[in-house]
Each structure stands twice: as structure tokens, then as C-alpha cells.
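User: I'm new to this structure and would love a close look at one part of it. Could you walk me through the surroundings of the ligand and the helices that go with them?

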Amino acid sequence: MAQVFQQPRSGTLFLNGEKISGSDIRDQNVLATQAIANVVKSSLGPVGLDKMLVDDIGDVTVTNDGATILGLLDIEHPAGKILVELAQQQDKEVGDGTTSVVIIAAELLRRANELVKNKIHPTTIISGYRLALREAIKYLTDVMSTKVELLGKNCLISIAKTSMSSKILGSDADFFAKMAVDAIQSVKSTNSRQESRYPVKAVNILKAHGQSSRESMLVKGYAMNCQVASQAMKTRIQNAKIACLDMNLQKVRMAMGVNITIDDPNQLEAIRQRETQMVLEKIQLILKAGANVIFTTKGIDDMCLKTLVEAKVMGVRRCKKEDLRRIAKATGATLISSLSNLEGDEVFEASSLGSAEEVVQERISDDECILVKGTKAFTSASIILRGSNEYQLDEMERSIHDSLSVVKRTLESGVVVPGGGAVETALSIYLENFATTVVRPFIFFTNRVSGLARAASYC
Ligand SMILES: Nc1ncnc2c1ncn2[C@@H]1O[C@H](COP(=O)(O)OP(=O)(O)OP(=O)(O)O)[C@@H](O)[C@H]1O
Ligand SMILES: [Mg+2]
């Protein structure tokens, strides 16, 4: 390290690398953000178009969702990457508006760059933008927002419809908006501070090929695309006690590379028996705790199936881990990956079991599904989407997710503002007037921001 400092320096730059500063890099960064915004610009709003993205291995995605489009682009420019992260953050926090944030951020940067070129210091510009932001938020909360309780369910349906209007579901918005509102309202829960919460993740979205999109349906309870492991098992269990496992219920096999030398053939038989016995003991522990439904992410072999059928227990194998995590959360179960405790003994606590009013295998559309109804800890709902192909189903899922998130946000915040560009237009007029009331330098910025809001309202 000492050598590095002893090396002759060229200015302040003495490590390997290139230093660009001043207006050059500002222009470059703004140019990069413009390029990113231009990519998604054409997909904004009800007249926006979908994009088809093809990756290296030929996988195709057809989408209108800003975060998905940007996530699939291979962007190297650091400023561009920040915009992509912005869209992703918006997707995570709000769920919708991912295209809008990118376009607005890029436009703000472009206009700020113009101001810097007019010899205005960046800190002044930032203060101006902050002032405009504060005023805009104040105006939105004081003047434009309305309480949701005053507007009722129809308002929620309209909100869901607006968020779908630019998407593949736009033509069937009436049907899907009602479904999204019903779904999110049915997963309402109250936290310890007595606040209502609407977890979007509690709505499971299943995709089934075939039929038209209008055959999609909402089912109460958590639906999984699985079947009972054996035809001899019961397909309906009332007052279910559910064990969620992440382990194999199969005859134990010696690990690869283990060598045991034995002289006596009886010992060989004893080893075989023990191998069989070990898994049966595990099952007995689970059954003794009171389980009557066993879900596992891995396999269940014939020998274990026989034990489960005899005990009149429903067993489902090869469940998705994500599904089991959510079922565990909804029913109050713990996802168990090993029965060993810290002392090295095998135990299965009854407290690890979740409970639900009913677990049933039902034929939904063309497939058999396992439904977990009346979950005890949190309620859950499932939307089964129908569509002609995978691309359509994927895009439908993204659109439904956007609408669910928007309705959730509305219900949790309790207020709405008018949609369809009305807010942007109002803000533009308000900020333009406000600009004339502040001290001289800020007139520039509020004017810029109001101009931007006006531009956004035309999109
Ligand atoms: N009927 C309408 N008339 C005018 N503008 C509309 C209408 N419906 C929606 N908009 C506007 O369209 C924009 C939303 O478009 P879109 O859903 O394509 O993008 P996004 O929500 O920003 O991003 P994404 O949905 O991809 O996450 C919003 O600014 C909204 O005000
Ligand atoms: Mg949207």
C-alpha cells in the first residue's frame, strides 16, 4: 500500500482508473438516464404498447410492466443502473407506477442539467426541487385526496381498473378488477397495533393453460397445484392439523462413498431393517403429535404411503417450497427441515403443526388442486388464471399483482387521488402559480417541475 502512495501522481488520480468530472460526466449520466426512459416511454399509459424481450437463450417475455422490462435489460452504465433499481424499488414498495417513476426521474435530471448549464449551482437546484416536492405533497394531501370510506367499494374497483387499463387485462378490466378487490379484501388481517393489513402475498396466483381469460376464478383458501400422493388417501380432511416438511419421507440410504465391512449376513439384514425403520419412526413421531395432513417439498415412498393411508392421513409430496412457506404462515405451522433437536434426539412438537378448517382436493378448471380452507393464523385466497399460452399468463399475473398492490395501498393508506393524469395536470397549474410567489431563484425550478408535471399529464 505504501508503494501506491509513493508512486508519482497525476493530479489527484493515482490508482488505476479514469476520472471524469464536471459537465462531461453530468451530460453522460443524463444521456444514459434518457436512454433508459426512452425504452419504457412507449409503454406508459392506456395507449402504451407491450414489449417483447428475447434473452440470450431465446426466452421470450411479452410485457408492459416497467420494472420487468428494465430488469431484463443488460445495463452497464452506473446512472442507468440506479434508474433500474428505482423501478425495482417502486415495484417492491408500491407495486405499480414503475414506468412513471423512471420517466419522471429522467425528466427531472434532464431539466436540472439544463439549469446547471445556465450557471445555477446544483445545491440551489436541489433545494428548488425539494421545495416543489414539499408543496406538491402538501397540495395533494390537503386538496386532492379523498377518504376511501366515503367512496366505498366501487371506488376500489375503479382504482384496480385504472391500474389494469394499460395492461393485457385492460379489455376485461371490469371482471378482473372486481376479482382483485374481492381477493385482497378477503385476506384482511389485523396486526398487534390493531391496524388492518392486506398482505398481497396471501393471494396465491395459479396459472392454468387453456380456456379464455374470463374463465379465471377466485377461490377462498390457499390452492396448490398438487394432488394427494396416493389414490387410496382421503381427499377431504376436516379440522386439519397440518405438518409442513422440507424433507424426504423415504427409506434412508447410506451416503455415497460410505463403506461398511461386515462378516455376518444377519448384520446386513439388520442394517437394511434399520434403514427402513428410521423413516417410519419419523412418521410415527409426526402422527403422534396429531398431524392428519402432511405436506412435503420432497418425496414420499410407497412404504411411507402405506403407513399414511393406514393412519387415514393425507400426504402430499413435491409441493413448492414457496407454497409451503406461505401455508405455514397462514396456518401457524413451522416448516420443518429436520426432526433432530440440539441434543441429537428426534422430536416433533405439536406446536409445529398448523391448523385449518378443511384441506380438500378439488377439481378446479382442468386440474386437481389441493385447497387449504379456513386457515387459522391468516386468511388466504387464490386466483386461478386461465389463458392461451405461457406469455399471456405471465403478463396476466404481473397485471393482477399490480392491481392487488394498488388496492392494498389504497386500503392501508385510506385515501385516494383522482387518476388518469388529473393529479399531474392539477399539480402543474398549482406549481406554476406557486412559482410566482417564491423568492426569485426558485421560480426557475418550480416552473421546471410544473412544466414536467404538465408533460406527464400529456403522456
Ligand atoms: N384512462 C386514462 N386516461 C389518461 N391517463 C391514464 C388513464 N389510465 C391511466 N392513465 C395514466 O397512465 C399512467 C400509468 O400507466 P402504466 O400503468 O402503463 O405505467 P405505470 O403504472 O407507471 O407502470 P407499470 O404499471 O408498468 O408498473 C398513469 O400516469 C395514469 O395516470
Ligand atoms: Mg400501472
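Analyst: Happy to. A residue counts as near a molecule here if its C-beta atom, placed from the backbone, lies within 6 Å of it. Please keep in mind that this is a predicted model.

Let's start at the ligand itself. There are 20 residues around ligand 1, and those that come nearest are Thr98, Thr99, Ser100, Ser166 and Gly420. What classes do the residues in the shell around ligand 1 belong to? Polar residues number 15, while three are charged and two are nonpolar.

Next, where does this shell come from? The protein chain is assigned three domains: domain 1 (20–146 + 419–457), domain 2 (148–221 + 379–414) and domain 3 (227–357). Domain 1 and domain 2 each supply at least three residues to the shell around ligand 1. As for domain 3, its C-alpha centre lies 35 Å from that of domain 2. Among helices and other elements, helix α5 (residues 98–117) gives the largest share of the shell, with three residues.

That makes α5 a good helix to follow outwards. Helix α2 (residues 23–41) packs with α5 at an angle of about 150°, and their axes are 9 Å apart. Angles over 145 degrees count as roughly antiparallel, so α2 and α5 are roughly antiparallel to each other. The crossing of α2 past α5 is left-handed. On the α2 side, the contact is made by Arg26, Asp27, Val30, Thr33, Gln34, Ile36, Ala37, Val40 and Lys41. Facing them from α5 are Thr99, Val102, Ile103, Ala105, Ala106, Leu109, Arg110, Asn113 and Val116. Thr99, then, takes part in this contact and is also one of the residues that come nearest to ligand 1. Sorted by class, the contact of α2 with α5 holds 10 nonpolar, four polar and four charged residues.

Now for another group of helices, centred on helix α13 (residues 390–413), which packs with helix α9 (residues 173–186) at about 55°, with axes 9 Å apart. That angle makes α9 oblique to α13. The crossing of α9 past α13 is right-handed. From α9, the residues Phe176, Ala177, Ala180, Val181, Ala183 and Ile184 meet Ile400, Ser403, Leu404, Val407 and Lys408 of α13. Nine residues of this contact are nonpolar, one is polar and one is charged.

Helix α8 (residues 153–164) also comes up to α13: their axes approach within 9 Å and cross at roughly 140°. These two helices are therefore oblique to each other, and α8 passes α13 in a right-handed crossing. Here Leu156, Ile159, Ala160, Ser163 and Met164 of α8 meet Ser399, Asp402, Ser403, Val406, Val407 and Thr410 of α13. The classes in the contact of α8 with α13 are six nonpolar, four polar and one charged. Ser403 and Val407 of α13 appear both in the contact with α9 and in the contact with α8.

Key:
Residues numbered from 1 in each chain as written. Chains lettered and ligands numbered in written order. Predicted model: local features only at pLDDT ≥ 70, side-chain atom pairs only at ≥ 80, totals over all residues. Helix = DSSP H or I, 4+ residues; strand = E, 2+ residues; numbered from the N terminus. Nonpolar A, V, L, I, M, F, W, Y, C, P; charged D, E, K, R; others polar. Domains from an automatic or database assignment. Axes fitted to C-alpha atoms, helices over the stretch in contact; angles between N-to-C directions. Parallel < 35°, antiparallel > 145°, perpendicular 65-115°, else oblique. Left-handed = near helix turned anticlockwise from the far one by under 90°. Contact = placed C-beta atoms within 7 Å.
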